[in-house]
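Student: Hey, can we go through this structure together? I'd like to start with charges.
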Amino acid sequence: MQLTFDADVEAFRAEFVDFLDKNLPRESEATQRSRSSADIPPWARHWQRVQFDAGWLLPGNPPEYGGRNATLLEQYVHQMELSRRRLSASFNPQGLGIIAASLLSFGTAAQKRDWAVPILRAEITAALGMSEPGAGSDLASLRTRAQRDGEDFVVNGQKIWTSGAHDADVILTFVRTDPDAPKHRGISVLLIPTDTPGVTRRPFGTLLSPNDLDFNEVFLDDVRVPAANLVGDLNQGWAVANGSLGHERTLLWMSFAERLEDLTDDVQPTSALERDRFATLAMDAQALRLLGSEALARAARGEADTPSLSALKLLGSESVQTATEWALEAAGADALAHPARTAPESPFHHDSYGAGWFSRYAHSFAGTIAGGTSEIQRDIIAGRVLGLPRG
Amino acid sequence: MLFEFDSDQRLLRDTARDVLAKECPPALVRDVAENGADPGPLWRTIGELGWTGLTDPAEMVELGIVLEELGRAVDPTPFLATSTQFTPLAPDAALAGRPAAAVLAGITARRDGEGWVLSGTASGVLDGDRAALLAVVTDAGVFVVPASAAAVTRTPVFDPVLHVAEVSLTEVRVSGSDRGVADPGPAREIALTGLALTMVGACQRIFDLALDHARTRRQFGVPIGSFQAVRHKAADMHVALVRARALAYFAALTIAENDPRRRLAAAMAKAAAGECQSLVFRHGFQLFGAMGFTWENDVQFALKRAKAGALMLGTAAEHRSMIAEEFHAAHL
């Protein structure tokens, strides 16, 4: 156990801090906000490109993909420096973290060149087409069908919750290619450009506003997709899902730790009750950092333990929810104004920090629902960590 | 920050667990509770293993590992009081193999010539009735007195294995050479962290027993651990435990490295252990059904140790009330 990082990791951090000091966008430039998770304002496109060119966008990648072959611990301090400044590397986070990452792991050379690199360089944006009306927590039961026809696949079906689809250039789409195989073994992954005939995107509002548009329904009617757009092997889509989401899960806890740490700055307790609640917030933030760094140390040794990450996701997402509810309460009737900027703002962050406390609280439910609901996490812990028998 | 045990620490944990499974089985704890059996042989084993020698604060993580395992075994010896309450207050007076305790409040010191005179009564002194030496905290500093100078009465408490005593000092004269540490603050952090780790161990024991029960107890033709209502309680207990354990070892690490966050970390450790205890006690007891309510079931010893720990040295709520201020002081 140690409280500090080794000198080589600290040297890496210092180099990144130096880069940030020289290249950080100015707040006056960052006035233009993104309207969805696949909409990158011009200043942020430039910022992402600067990071890509300098090898700081995804430091774990090789240089041709915006990195410098950094170790896991170096990637960790890199993310800590970004979060300390409430800075997003990209305003198309799923494009970077899931779609480009999947293409680099499972894609062909041409797919990396034609899709991954443009996503990483902020020339295009991407959305993730996984969930369907009948396939949420039970993702493997998805029914969108892709049938081979000559050099193409013909896709029919419907996706939902496809964040940012209406602003995205391409959707990484999970489709059923073998309806007769067991449900996990008949799934494949296709890159579907959103301007393909037969693709219809219908964004719909959140509870915050009919104009708060990130969710989409995506209808696919006889969409012809070149077979060259198949990512990974035919019927091996479940491996792609686990690979790309597995990488995401290793670091997912960090976004919750960052929100909790931001809240320790944004919340100033003024009564005994608020001090009591602040203590819980500070303890949760510290505990999550500690547990996360333990998981990271394990992963760095090659002993990744995916089920154990469920405890981090559960603790992190529920703590954020509790803490934002308390912050909303502390703001009192002032927090009724909507839309309003009743909470501290973070112009460099893609998240909706610029909004009010009610928005921040409402958004905490993304943490307890998306990426496996809290109920699913509890079941994973009970079954796969604690070894309780299945029902 | 790299927050995982190194190989030596993992070995210490495994060794402690194995030794205590043999030397401190549930049957011994029950024998102590029911028949007043002497835990002396276990105390000597602890000495032979070198655990009483873990007195350097730099070894706080190692001491913590031992304390967690002892908590899990519901240790009937005076190790907790000796190693985390007395020794940090009076490191130079510690005697190998001799139990010792700390009197943390209730005693006043009056200057008298070259020395002081100590008087007063303290209740709730952990292992005060079986200590050879007492470290007495007063406004004038910490003094070390032989227990023979005090009037000591064991107080019956709900944890039948725990020793708690009332200690009275009447005009006990001490000299300037009987002093412990100048500042009892750092010693308090060790005491809090040690108690937190003991509680984490006791909670782990409750959890282990409850999980075994949930796997084996069958109702409606299936193990009760297959019911979602039970599974989700178990998941919540797991999260509370890993959170409390992480914060307790973080406190141990800040003590070992004399990090400026140690006051904050110790308060967090004790608060989180108290919160963990609250949840694990409730769910653990509940999952056993009526069987948990019997004298015969060994879960009672761990339940009581965890609950007793929560009540000593400040409750979770008392520590939470200090954390906001400590947090802002530590993050300036």
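Student: How many positive and negative side chains does chain B have?

Tutor: Chain B has 32 positive and 39 negative side chains. Lys and Arg count as positive and Asp and Glu as negative, with His and the chain ends not counted. The centres of the two sets lie 7 Å apart, with each charge placed at NZ of Lys, CZ of Arg, CG of Asp or CD of Glu.

Student: Anything I should know before trusting the numbers?

Tutor: This is a predicted model, where local features need pLDDT of at least 70 and side-chain atom pairs count only at pLDDT 80 or more, while totals for chains, interfaces and linings use all residues. Residues are numbered from 1 along each chain as its sequence is written, chains are lettered from A and ligands numbered from 1 in the order in which they are written, and side-chain values use heavy atoms, leaving out hydrogens and water.

Student: Ok, new topic. How many helices and strands are in chain B?

Tutor: There are 10 helices and nine strands. These are DSSP runs numbered from the N terminus: helices are H or I with at least four residues, strands are E with at least two.

Student: Which residues of helix 2 in chain B are buried?

Tutor: Helix 2 covers residues 26-35, and its buried residues are B:Leu28, B:Val29, B:Arg30 and B:Val32. Buried means under 20% relative accessible area, exposed over 50%, and partly exposed in between, using a 1.4 Å probe and protein chains only.

Student: And what do they pack against?

Tutor: They pack against helix 1 (7-23), helix 3 (40-48) and helix 9 (299-311) of chain B. Right after helix 2 comes B:Gly36, with a positive phi near 65 degrees.

Student: Which residue other than glycine has a positive phi in the loop between helix 9 and helix 10?

Tutor: B:Leu313, with phi near 60 degrees, lies in that loop, and helix 10 spans 316-330. Most residues other than glycine have a negative phi.

Student: Is B:Leu313 buried or exposed?

Tutor: B:Leu313 has a relative accessible area of 18%, so it counts as buried.

Student: Last thing: how many residues of each chain are in contact between A and B?

Tutor: 41 residues of chain A are in contact with 45 of chain B, where contact means heavy atoms within 4.5 Å. The area buried between the chains is about 4000 Å², and carbon and sulfur atoms give 67% of that. Buried area is the accessible area (1.4 Å probe) that two parts lose on being put together, summed over both.

Student: Which three residues supply more than any others on the chain A side?

Tutor: A:Met1, A:Leu3 and A:Met283, which supply 24% of the area that chain A buries against chain B.
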